[in-house]
Amino acid sequence: MKKLLSMILVAAMVLALGCTAFADGGTEINFWSMWNEGEPQANVIAAAAEAYEAETGIHVNIEWKGRDINTLLTASLDAGDAIDIFEDDFNRIGQVYTEWTYDLTDMAEAAGYEGYACFNDQSIAWAGYLNSITEQPQVGGVFYNKDAFAEAGIEAEPTTWAEFLDVCAKLKDAGIAPLAQDGAYTNFSFYYHLVRYLGEDGIAELRDNGGWADSEGAVQAAQDIIDLVNAGYLAEGAPDEYPSSQTKVGLGTAAMVVCANYVTAEVNAAVGEEVNWGLFNYPSVEGGAEPTAAYAGANSLAIASYSEHPQEAFDFIMFLVTGEWDQKMADEAAQIPADPNNTAPAALTGTIETLKAADKPMTWCGSLNTHPAWGDMKTMFTELFEGKYESGADFCAAMDALY
Amino acid sequence: MKKNRTLIFLFMAPTVICLLLMYVYPVLRTVIMSVFRVEDLTSGVGEWTFNGFANYVKIFHNASFITSLKNFLAIWIVGGVITLALSLLIAVILTSKIRFQGFFRAAIYLPNVISAVALATMWVQYIFNYDYGLLNQLVTFLGFDKVRWLGTDAKLWAMIAAFIYGSVGYYMLIYISGIEGIPTDLYEAATIDGASKGRQFFSITLPLLKGIVKTTITFWTINAATFYLWSKLFSPVQTEGSTIVPVIYLYDTVFGGKGVIERDAGAGAAVGVVLTIIIIVVYVITEKLLKSNDLEY
């Protein structure tokens, strides 16, 4: 009996050693993702990793870190944790993690990677080299329900503020609230409007030196919003609590919302059906400094500078952000494809062209959000949409009082 | 019996080492960090630049931090007075031999066993919602115009109301355990002497609950100073001035916010030190004002 037991134990030990040797033989890359398991983006990444392993034999070990990955990355990269690929906002990859990012220039060139120039150029401008590959691009603008426009008899998308107000009037006459607005995005909406008058450099000057009340553009921008509110062009209850107001676009009770493209996926999910989406660039204003800039951002992928398998990691990134798997990501997560040669979902038609044409993308309130009173400014922007200011001059005087 | 000092040290060592590593070291590091210019939380000490009290000056000159302190004070004072008074009142009622007290205890404590995320979502989406929320249904039924409960003026108070709802049960249980520890013969004697229920409350219950009140004030202060989750849930996309609290400000300062890449771990450490000082000051004041050891029973 003892002999039998000994033989079984020895056999088990040999088997275990054999398995370990086999496991050690294969290459493994570690991928820290900003998604949570079960989310559409995570499902596509996990399926792509399986397909990549089947094709190359390289195992991609994915750790789902969630949206707060930025709270972990600096410490983990600094400590040299086992990370080959990590995923985050391209702003942070380009400006915060630069110390720990691999120079992807040569590998990208060898692979014939193109992507979007606006993100690649920005990455190089920040880091001095290409340090991230765009995975999930975003673009901002006015997203609208095409059915609502058709119901109101609107045939052309507005390009100027005056045309935009005409569209609002037609929608209101048709019994549809023209513009949905959640409180969480009032800063983005007003910033967009300010950019049209002053450009991001002009806003940065106001941030640094004040003088809002002396700026004709700032006063007029605020006055435009006050007039918009007074004309009754905001959806009932707006600025509402996220995501109540934007959901109204999906329900057909409101027609437009100023946001980034993820609003389409959020609203579709909220109403349980595919909304007939359209998109146009934020309207220009008369005499404005910046008539066309559109917000563009991205979640991107980077390789840790100390990765022992940079080429394998890069190959997996290419596998994910180009061709078949990128198209799956676009279709299943309702996103703009990272590969400009792929096709955007119907709801995001035109976004690829917008991104390809964008030479200098607008930031997410980047010229204001470093001001010490940014929190109070955001509250005031919401108050502007709540109709709490008599005039643009009053609003700008209140802004100056923050300095 | 002769003491074996080595054995004593050996038994104490794991606890002392853990305490030093996991509590004393982070606290000391945070205090020291607060007087240095430190960008990243993990920057080595060699990368720190001494800047005296500049971090403290910076945060106290920052409008967002001042707003967060004002919000903290509103939560601490208004929320505290209402929560503690309400939970004490309910505790007194539920210990006065009313019917179904077991049911009421469970019902009032129930919000504490529900996830705060679910609770906050319920308040935001089903009670305060402008279009179909319970409160606006009530308001329109009474013939008034709908109210923007989560507008910039009302959002902080809406959040405090929801937080009070989620907290009353917890403090009620603490008060109930305190009240049940008071000998019943004191109340019987008072009743025989003709004391009303109100007189009994102010002359027996309240004085004998001083120690418990002191504890609950300290607990509430810690809860208010470390208030984070509810603020995040009432401003899910990005930090808003109407709901910002010091810990949210600290978080944004250390890690950056939406679209913000600037980080300052030194200023974040200064916020942590300020919050700790607030808690210590409140503790010392309550200790001085409410001396619990002058009554024995």
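**Chat: cores, domains and the A–B contact**

Colleague: Which residues touch the most other members of the largest nonpolar core?
Modeller: Ala218(A), Ala222(A), Ile317(A) and Leu384(A), in a core of 131 residues. A nonpolar core here means buried Ala, Val, Leu, Ile, Met, Phe, Trp, Tyr and Cys residues joined through C-beta atoms within 7 Å. Buried means 20 or more other C-beta atoms within 10 Å of the residue's own, with C-beta atoms placed from the backbone.

Colleague: And which helix gives the most to this core?
Modeller: Helix α9 (residues 186-209) of chain A, with ten residues; helices are DSSP runs of H or I, at least four residues.

Colleague: Any caveats on the model?
Modeller: This is a predicted model: local features need pLDDT of at least 70, side-chain atom pairs count only at pLDDT 80 or more, and totals for chains, interfaces and linings use all residues. Residues are numbered from 1 along each chain as its sequence is written, while chains are lettered from A and ligands numbered from 1 in the order in which they are written.

Colleague: Back to Ile317(A): what is it in contact with, leaving aside neighbours within four places in sequence?
Modeller: Ile85(A), Ile133(A) and Leu301(A), where contact means backbone-placed C-beta atoms within 7 Å.

Colleague: New topic: how many residues of chain A are in contact with chain B?
Modeller: 32 residues of chain A, against 30 of chain B.

Colleague: Which element gives the largest share of the chain A side?
Modeller: α16(A), with eight residues. Also giving two or more residues to that side are α3 (70-79) and α4 (90-95) of chain A.

Methods: A residue is buried if 20 or more other C-beta atoms lie within 10 Å of its own, exposed if 12 or fewer, and partly exposed in between; C-beta atoms are placed from the backbone. Two residues are in contact if their C-beta atoms, placed from the backbone, lie within 7 Å.
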